[in-house]
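Q: I would like to learn how to read a model like this one, feature by feature. Could we go through it together?
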Amino acid sequence: MKERSPNPWLKYLGLTAQLLVMLGVAVYAAIWLDKKLAVSPLFLILLPLLVLGTTFYQLYKETIKKKNDSV
């Protein structure tokens, strides 16, 4: 019996949900850190960019792995 592979849309939907949650946490933490350390826009700019960068890197690794597996 052939095993069914999970729908690829579900994987990317999960990655999108993870991105949104992590961005929300990063923005909340950045606002808190900015108030605590009195460096107003610094962390509000850096933390979401860090989250976006790591998420796009994860997506890149996933697509390269999938591309190499199919070759």
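A: Gladly! Let's begin with contacts: in this predicted model, among contacts between residues at least 6 apart in sequence, 50% join residues at least 24 apart.

Q: Which secondary structure does the chain have, and how many helices and strands are there?
A: The chain comes to two helices and zero strands. Helix H1 covers residues 8-37, and helix H2 covers residues 42-70.

Q: What share of the residues is buried?
A: Here a cut-off helps: buried means under 20% relative accessible area. Of the 71 residues in the chain, 11% are buried. The accessible surface of the chain comes to about 6300 Å², and 70% of that belongs to carbon and sulfur atoms.

Q: Which residues make the nonpolar surface patch?
A: Leu37, Val39, Leu42, Ile45, Leu46 and Leu49 make this patch of about 530 Å². Helix H2 gives the most to the patch, with four residues, while Leu37 has its place in helix H1.

Q: How should I read the sign of phi?
A: As a general idea, most residues other than glycine have a negative phi. In this structure, Ala38 has a positive phi, near 55°. Ala38 lies in the loop between H1 and H2.

Q: Is Ala38 buried or exposed, and why?
A: Exposed means over 50% relative accessible area. Ala38 has 65% relative accessibility, so Ala38 counts as exposed.

Technical notes: Residues are numbered from 1 along each chain as its sequence is written. This is a predicted model: local features need pLDDT of at least 70, side-chain atom pairs count only at pLDDT 80 or more; totals for chains, interfaces and linings use all residues. Side-chain values use heavy atoms; hydrogens and water are left out. Patches are made of residues with over 30% relative accessible area and no salt bridge: like charges are joined within 9 Å, nonpolar side chains (Val, Leu, Ile, Met, Phe, Trp, Tyr) within 5 Å. Accessible areas come from the Shrake-Rupley method with a 1.4 Å probe; for residues, only the protein chains shown count as cover. A salt bridge is a side-chain nitrogen of Lys or Arg within 4 Å of a carboxyl oxygen of Asp or Glu. Buried means under 20% relative accessible area, exposed over 50%, partly exposed in between (1.4 Å probe, protein chains only). Contact means heavy atoms within 4.5 Å.
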